[in-house]
Amino acid sequence: MTQPLRPALHAEETLLSRLLDGTYPPGSLLPAERELAAGLGVTRPTLREALQRLARDGLLEIRQGKPTRVCHPEEGGLRVLAHLSRAGDLSGLVPQLLDLRAALLPHWMAASARLDPAPLRAHLGAPPEPGTPDAPQAFTAFDWTVQSLAAHGSGNALAPLLLGAFHEVYTQAGPLYFRDVARQTRALDHYRALHAALALGPDTARQAALTTALDSLHLWPGAPMIDLLQRAIPVFVLSLLIEWAAYRFLGDHDEHGEPKMGYAARDTLTSLSMGIGNVLINVFWKAVVLGIYTALYLWTPLRLPSEAWWVWVLLFFLDDFAYYWFHRISHEVRLFWASHVVHHSSQHYNLSTALRQTWVPMTALPFWLPLPLLGFEPWMVLLAQSWNLLYQFFVHTERIGRLPRPIEYVFNTPSHHRAHHGSNDVYLDKNYAGILIIWDRLLGTFQAETERVRYGLVHNINTYHPVRVAFHEFAALWRDVKGARTWRDRLNYLLRPRLAAKTGRVEREQGERDRRRRSRRLSCLHL
């Protein structure tokens, strides 16, 4: 049972809450003692005790013969933090603490890596276990020790003093952040990244600390969200079940009586396996991408305000244009095709095909690098990529025919994307759109769905093994490059359009066979 507060503490906490919520804003004067004591339900001596405690910590200024004045935050300095830790709901302070952490920790971590990384690495090597009942408190204590060791190891005598002023408020606010198991799990990734970075030098440690601190900020509720695709997984699963049920109970023929491909158990399991592998790989790769975007964003002097509506409109078009070129290059250059071919390897076309994703996502990185350089915040770029891929999930279906003409003219639709997945000659290397089909119309790569689509590759790989699906084209590319006689041929295999590279190989092999036949014929003549 909760014990009632002593009158002086009750008066103190009530006044503090009114100071924080703006009832008594900085620079204003409190009501007269008699009026204030009556409003709080305490005696005037009790009120004076509460006022003196608040004044001691720099929140108020008691002036003899004059009304008590509310101080500005900078007047109280760090002494105010002691009272903030007793302010009740501290959720509003969490993003401020995370933001301050992002400003200070990278510098302390870099200095520690240069001077003596051993204590930090020893601590980071033994993080707490997520998901346990006491995990929020355990992660709070562990994270505080990380910052404390970094401050002490920085060689700056003021750093531990500055950090120490936040201890009480951090101890109270930390469990609010770490009560979510997903944030506990992500914190483990952060600690592993910091542990590895400390061994690689100050610059790497600074970048890793900045990346993890910004990622923590974005994971807090109310802050920008970048893991849209992971949160959409339940929607993906439900949509798959609905589409499967539609094939099962509503038939699998189109309006012309032609059979639709529908679902096949082994093909669907392969697609799901590729999707799961992609998610697991991106847990680590997205952290690297965020770090690179952050470095570029910090380097460029350009800044675009995230609160301006026109910035989001601009981002929508630039992200979709970046996706168009990424997708087009992934078809036209064999090195990139080796990663993207995974998505086209199914001979079925349904929502599970959308999840058949590459295990080598690194090929996408160059195409979005201009966006943080233009001043888009890194989390905005990642969010734009997420909504683009989320939209594309729903165009991987045969259950939807052609949509109204205005929609078909502007947007990527199931009909347009079915044509893109076709191995028919007319459909090869067409319709690279993400959300808007206008890029294909403008750049000459548009093709309407005009004949029955034959899904899959020109030469299908005929395997359901996820590892073979993921890497079969890389293996073929390696064999071609290894067997090439000149560096020019090696570069051709890597960089030429994939069909041209294949054609060149066939022509060279045919020429070699012709030379061998001529040699044998000449040998017979000599005999």
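# A guided tour of the predicted model

The largest cavity holds about 190 Å³ of space, and the tour of this predicted model begins there. A search of the whole structure finds two cavities of 30 Å³ or more. To find the largest cavity, select Leu98, Asp143, Tyr170, Tyr177 and Phe178, which lie nearest its centre among the 16 residues of its lining. Next, colour helix H6 (94–115), helix H10 (167–178), helix H11 (181–198) and helix H12 (202–219), the elements that each give two or more residues to that lining. Helix H10 supplies the largest share, five residues.

## The whole protein

Now zoom out to the full chain and display it as a cartoon. The protein contains 27 helices and two strands. Of its 527 residues, 46% are buried. Among contacts with a separation of 6 or more, 72% are between residues 24 or more positions apart. Switch to a surface representation: the protein exposes about 27,100 Å², and carbon and sulfur atoms supply 62% of that area. The structure also holds eleven salt bridges, several of which are visited below.

## Helix H2 and a salt-bridge network

Select helix H2, residues 33–40, and within it Ala37. Is Ala37 buried or exposed? Ala37 is buried because its relative accessible area is 3%, under the 20% limit. Display its surroundings next. Leaving aside residues up to four places away in sequence, Ala37 touches Val42, Thr43, Arg44 and Leu47.

Add Arg48 to the selection and draw a distance between the C-alpha atoms of Ala37 and Arg48. These two residues are eleven positions apart in sequence and 9.0 Å apart in space. Arg48 also belongs to a network of salt bridges that links it with Glu33 and Arg44. Arg44 therefore deserves a second look in this view, as a contact of the buried Ala37 and as a member of that network.

## A salt bridge within helix H11

Return to helix H11, one of the elements that line the largest cavity. Select Asp189 and Arg192 and show their side chains, which meet in a salt bridge with an N to O distance of 3.0 Å. The two residues are separated by about one helical turn, because they stand three residues apart in helix H11. Asp189 counts as buried, since its relative accessibility is 17%.

## Two ends of helix H16

Move to helix H16, which covers residues 309–332, and select Trp309. With a relative accessible area of 65%, Trp309 is exposed. Extend the selection to Trp310, Val313, Leu314 and Phe317, and turn the surface on again. Together with Trp309, these residues form a nonpolar patch on the surface, with about 530 Å² of accessible area in total.

Follow the helix onward to Arg328 and Glu332. Both residues lie in helix H16, four residues apart, which is about one turn of the helix. Their side chains meet in a salt bridge, at 3.0 Å from N to O. The partners fall into separate burial classes: Arg328 is buried, with a relative accessible area of 16%, whereas Glu332 is partly exposed, with a relative accessible area of 25%.

## A salt bridge between two loops

Select Glu398 and Arg452 next. Glu398 forms a salt bridge with Arg452, in which the closest N and O atoms are 3.8 Å apart. What does this pair tie together? Glu398 lies in the loop between helix H21 (378–393) and helix H22 (405–410), and Arg452 in the loop between helix H24 (438–443) and helix H25 (466–483), so the salt bridge ties together parts that are 54 residues apart in sequence. Glu398 counts as buried, at 7% relative accessibility, while Arg452 is partly exposed, with a relative accessible area of 36%.

## Asp267 in helix H15

For the final stop, select Asp267 in helix H15, residues 265–299. Asp267 counts as buried, because its relative accessibility is 3%. Which residues does Asp267 touch, not counting those up to four places away in sequence? Show Ser346, Gln347, His348, Arg356 and Tyr464 to see these contacts.

How values were computed: Residues are numbered from 1 along each chain as its sequence is written. This is a predicted model: local features need pLDDT of at least 70, side-chain atom pairs count only at pLDDT 80 or more; totals for chains, interfaces and linings use all residues. Side-chain values use heavy atoms; hydrogens and water are left out. Buried means under 20% relative accessible area, exposed over 50%, partly exposed in between (1.4 Å probe, protein chains only). Contact means heavy atoms within 4.5 Å. Patches are made of residues with over 30% relative accessible area and no salt bridge: like charges are joined within 9 Å, nonpolar side chains (Val, Leu, Ile, Met, Phe, Trp, Tyr) within 5 Å. Accessible areas come from the Shrake-Rupley method with a 1.4 Å probe; for residues, only the protein chains shown count as cover. A salt bridge is a side-chain nitrogen of Lys or Arg within 4 Å of a carboxyl oxygen of Asp or Glu. On a 1 Å grid over the protein atoms alone, a cavity is a set of points where a 1.4 Å probe fits but cannot get out, and a pocket is an open set with protein on both sides within 12 Å along at least five of seven lines; lining residues have an atom within 4 Å of a point. Grid points are joined across faces, edges and corners, and a volume is the space filled by probe spheres set on the points.
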